[in-house]
Structure formats: structure tokens, C-alpha cells
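Please look over the sequence and the structure shown here, and keep both in view while reading. The briefing that follows begins with one term and then moves through the chain topic by topic.

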Amino acid sequence: QVQLVESGGGLVQPGGSLRLSCAASGSGFSINAMGWYRQAPGKQRELVAKITRGAITDYADSVKGRFTISRDNIKNTVYLQMNSLKPEDTAVYYCNAEGQIIGLFTKIFNSWGQGTQVTVSS
């Protein structure tokens, strides 16, 4: 019902930058918040950054000052600008969206993208 498609991942050297994008598509939905999570090999998935419709943001301590999340509510798209990348940022990054599905009955949804690989290595 709500599809999330990420783009912008890739291979970058330490200190480099990448910009991730995630677009939500479908019909009959309203998004309350979007965010980025990441999962490195052998580790649990963790929150990187999130943003509400009211533009309230939250960042993991490890990325504060380096990453910036932004959102275009009209386009239902969230972005993650990643600067000063470190090898420890290497992970699969997943887009997340939370909102409501509008149908015969309104229900909460929590959707995930397929993930995009970010590799920081020299």
C-alpha cells in the first residue's frame, strides 16, 4: 500500500559525502514521520535520524554534526545528507515511514524500504 524506494547509496572514501533519498508512493495514505535506520553486519538495526511532519528531528549521537535529515512533505520524500563519513558508517541504510492508511477503516502503518548499501572505505 505504501512503497518506499531508497537511492543514493554507494562506495565513498572516508571523509567523503553521500546524499540518500527515499520516496514514498502509493495511494490513500498520510505520513506522520520518516526516518533512516542502518544495520551493519553482526549488529542490530539502529536509528540514524528521523523527522516528523512538523520538522522535529532526532539524531543518533554518532552522527550528530555530520548528518542532516530533511523532508519534503508534498513529495513525501526524505533525504539524508551524510558528510565526513567514517568507516563505521558502513551499513545498509533503510528508509522508514509511519502514518495512516485511509480506507474503509483508518489504520496505522509502518513501512520499510528495501535498503541501500553505504560503504565507507579507502
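Two residues are said to be in contact, or to touch, when they have heavy atoms within 4.5 Å of each other. With that meaning, T57 touches K50, I51 and I69, if residues up to four places away in sequence are not counted. The structure is a predicted model, and every value below is computed from it.

**The chain as a whole**

- The chain has eleven strands and zero helices, so that, read from the N terminus on, its elements run β-β-β-β-β-β-β-β-β-β-β.
- The radius of gyration is 14 Å, close to the 14 Å that the globule rule gives for 122 residues, and the chain is therefore as compact as a globular protein of that length.
- Measured out along its principal axes, the C-alpha trace spans about 50 × 25 × 20 Å.- Buried residues make up 42% of the 122 residues in the chain.
- Among contacts in the chain with a separation of 6 or more, 56% are accounted for by residues 24 or more positions apart.
- The accessible surface comes to about 6,600 Å², and carbon and sulfur atoms hold 51% of that surface.
- The chain carries 12 positive and 8 negative charges, and the mean positions of these two groups are 3 Å apart.

**Strand β8 and its two partners**

- Strand β8 covers residues 77–82, and because five of its six residues are buried, this strand is largely enclosed by the rest of the structure.
- On one hand, β8 pairs with strand β3 (residues 18–26) in the antiparallel sense over six bridges, and within this pairing R19 has Q81 of β8 as its bridge partner.
- On the other hand, β8 is joined by six bridges to strand β7 (residues 67–72), and these two strands also run antiparallel.
- Q81 appears again in this second pairing, where Q81 is the bridge partner of T68.
- Four residues lie between the strands in the hairpin of β7 and β8, and in this hairpin N76 takes a positive phi near 55°.

**Strand β4 and its two partners**

- Strand β4 (residues 29–39) is joined to strand β9 (residues 91–101) by ten bridges, and the two run antiparallel.
- Within that pairing, Y37 has Y94 of β9 as its bridge partner.
- Strand β4 also pairs with strand β5 (residues 46–52), again in the antiparallel sense, over six bridges, and here R38 has E46 of β5 as its bridge partner.
- The hairpin of β4 and β5 has six residues between the strands, and in this hairpin G42 takes a positive phi near 75°.
- As general background for looking at any of these pairings, the side chains in a regular strand alternate between the two faces of the sheet.

**R66, a buried residue in a loop**

- R66 lies in the loop between β6 (57–59) and β7, and with a relative accessibility of 10% R66 counts as buried, because the cut-off for that word is under 20%.
- Which residues does R66 touch, when those up to four places away in sequence are left aside? They are Q81, M82, N83, S84, L85, K86 and D89.
- One of these, Q81, is 15 residues from R66 along the chain, and the C-alpha atoms of the two are separated by 8.3 Å.

**T57, a partly exposed residue in a strand**

- T57 has its place in strand β6, and at 36% relative accessibility T57 counts as partly exposed.
- I69, which is among the residues that T57 touches, lies twelve residues away along the chain, and the C-alpha atoms of T57 and I69 are separated by 7.5 Å.

**Two loop residues with positive phi**

- A55 is placed in the loop between β5 and β6, and phi of A55 is near 70°, which is a positive value in a residue other than glycine.
- Is A55 buried or exposed? At 52% relative accessibility, A55 counts as exposed, since the cut-off for exposed is over 50%.
- N76 lies in the loop between β7 and β8, and phi of N76, near 55°, is likewise a positive value in a residue other than glycine.
- N76 is buried, with a relative accessible area of 16%, whereas A55 is exposed.

Key: Residues numbered from 1 in each chain as written. Predicted model: local features only at pLDDT ≥ 70, side-chain atom pairs only at ≥ 80, totals over all residues. Heavy atoms only, no water. Buried < 20%, exposed > 50% of the residue type's maximum accessible area, 1.4 Å probe, protein only. Pairing = 2+ DSSP bridges. Rg over C-alpha atoms; globule rule 2.2 N^0.38 Å. Areas by Shrake-Rupley, 256 points an atom, 1.4 Å probe, with all protein chains shown as cover. Lys, Arg positive; Asp, Glu negative; His and termini not counted. Charge placed at Lys NZ, Arg CZ, Asp CG, Glu CD.
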